[in-house]
Amino acid sequence: MLKLLLIRHGETEGNKLKRYIGKRTDEPLCKEAKQMLQELNYKEPEAVYASPMVRCTQTAGILFPGKPLNIIEELCECDFGEFENKNYLELSGNKNYQAWIDSDGALPFPGGESRQEFQKRNLTGFQKVVRSCIHRNIGSAAVVVHGGTIMNIMEGYADEKRTFYDWHVGNGKGYEVEIDTNLWKRDRRSIHMVREL
């Protein structure tokens, strides 16, 4: 059995302003986030995997100091295209934004990714994490990524069925999950949520 902590990075200034902060904006943690993360007490895993974005690598370094980071490019947040680094107030009146809202997020981000492209990329990255853990005989790992990445993973693989938005977690939070590696090897890819962090 493989135990994973799926952890969303700490808060950034863009998060505080409710901006779409994706893979184009490599924003560091805000000062308050560093303090908040230092107060968390997650059990140290055998390995740590992370998105390459600085907000994730900083979070991993604070939560698990001294642990080597295994960077997985495909775990980056969504490419929000022309909405990147803007919030809903700044996009008010933008016809592309209104069309995206009216589609309930089904349309691709103009100049960015579609939900399907984003999810496929994230699930490919998550598969790399699981394969690496199996290959290295690792029983526990932390995966420090983005909110959207966690939502994609849980929507795609959780044995409890919820919609993408129902898997939303706050900064520094996430899920503890378990994977039956024998089933995973036989392409029966499913994860069991143990608890919310």
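This is a guided walk through the structure above, from its sheet to its rings, cysteines and a few single residues. Keep in mind that the model is predicted.

Let's begin with the sheet. Six strands make up an open sheet, and reading across them gives the order β3-β2-β4-β1-β5-β6, with mixed pairing. At the edges stand β3 (69-71) and β6 (192-196); each has a single partner strand, so one side of each is left without a neighbour in the sheet. If you compare neighbouring strands, they are turned against each other by 25 degrees on average, direction ignored.

Moving inward from the β3 edge, you will find that β2 and β3 run parallel and are joined by three bridges. Within this pairing, Val48 has Leu69 of β3 as its bridge partner. On the helical side, α6 packs on the sheet and touches β1, β2, β4 and β5 (174-179), with its direction at about 145 degrees to that of β1. Helix α7 (residues 147-157) packs on the sheet as well, touching β1, β4, β5 and β6, and its direction makes about 140 degrees with that of β1.

Strand β4 deserves a closer look. On one flank, strand β2 (residues 47-50) runs parallel to β4, and four bridges join the two. Here Tyr49 has Val143 in β4 as its bridge partner. Strand β1 (residues 2-8) also pairs with β4 in the parallel sense, over six bridges, and in this pairing Ile7 stands opposite Val144 in β4. How much of strand β4 is buried? Of its six residues (140-145), five are buried, so the strand is largely enclosed by the rest of the structure.

Now follow the chain out of β1 to His9, which sits in the loop between β1 and α1 (13-16). Its relative accessibility is 3%, so His9 counts as buried. Leaving aside residues up to four places away in sequence, His9 touches Asn15, Arg55, Cys56, Thr59, Val145, His146, Asn171 and Gly172.

Next come the aromatic rings. The structure holds 16 aromatic pairs. One of them is Tyr97 with Trp100: their ring centres are 6.0 Å apart and their planes make 20 degrees, under the 30 degrees that the label requires, so the pair is stacked. The two residues are three apart in helix α5 (residues 95-102), so Tyr97 and Trp100 are separated by about one helical turn. Both Tyr97 and Trp100 are buried.

Phe126 and Trp184 make a useful contrast in geometry. This aromatic pair is edge-to-face, with 6.0 Å from centre to centre and 80 degrees between the planes. It links distant parts of the chain, since Phe126 belongs to helix α6 (residues 115-135) and Trp184 to helix α8 (residues 181-185), 58 residues apart. Phe126 has a relative accessible area of 0% and is therefore buried; Trp184, at 4% relative accessibility, counts as buried too.

Tyr97 and Trp100 also belong to a wider group: together with Tyr20, Phe80, Phe83 and Phe109, they form one aromatic cluster. Elsewhere, charged side chains lie over rings. Arg115 lies over the face of Phe164, 3.7 Å from the ring centre, and Arg162 lies over the face of Trp167, at 4.0 Å from the ring centre.

What about the cysteines? A search of the whole structure turns up zero disulfides. For Cys76, the closest cysteine sulfur is in Cys56 at 7.7 Å, which is too far for a bond. The sulfur of Cys78 has its closest cysteine sulfur in Cys76, at 11 Å, again too far for a bond. Cys76 counts as buried at 6% relative accessibility, and so does Cys78 at 1%.

Finally, have a look at two backbone angles. Asn85 has a phi near 65 degrees, a positive value in a residue other than glycine. You will find Asn85 in the loop between β3 and α4 (88-91), where its 35% relative accessibility makes it partly exposed. Asp187 likewise has a positive phi, near 65 degrees, and is not a glycine. Asp187 lies in the loop between α8 and β6, and at 57% relative accessibility it counts as exposed.

Terms used. Residues are numbered from 1 along each chain as its sequence is written. This is a predicted model: local features need pLDDT of at least 70, side-chain atom pairs count only at pLDDT 80 or more; totals for chains, interfaces and linings use all residues. Side-chain values use heavy atoms; hydrogens and water are left out. Buried means under 20% relative accessible area, exposed over 50%, partly exposed in between (1.4 Å probe, protein chains only). Two strands pair if DSSP finds at least two bridges between them. Rings of Phe, Tyr and Trp (its six-membered ring) pair if their centres lie within 6.5 Å; planes under 30 degrees apart count as stacked, over 60 as edge-to-face and the rest as tilted. A charge sits over a ring if NZ of Lys or CZ of Arg is within 6 Å of the ring centre and within 35 degrees of the ring normal. Contact means heavy atoms within 4.5 Å. A disulfide is a pair of cysteine sulfur atoms within 2.5 Å. Axes are lines fitted to C-alpha atoms, for helices over the stretch in contact, and angles run from 0 to 180 degrees between N-to-C directions.
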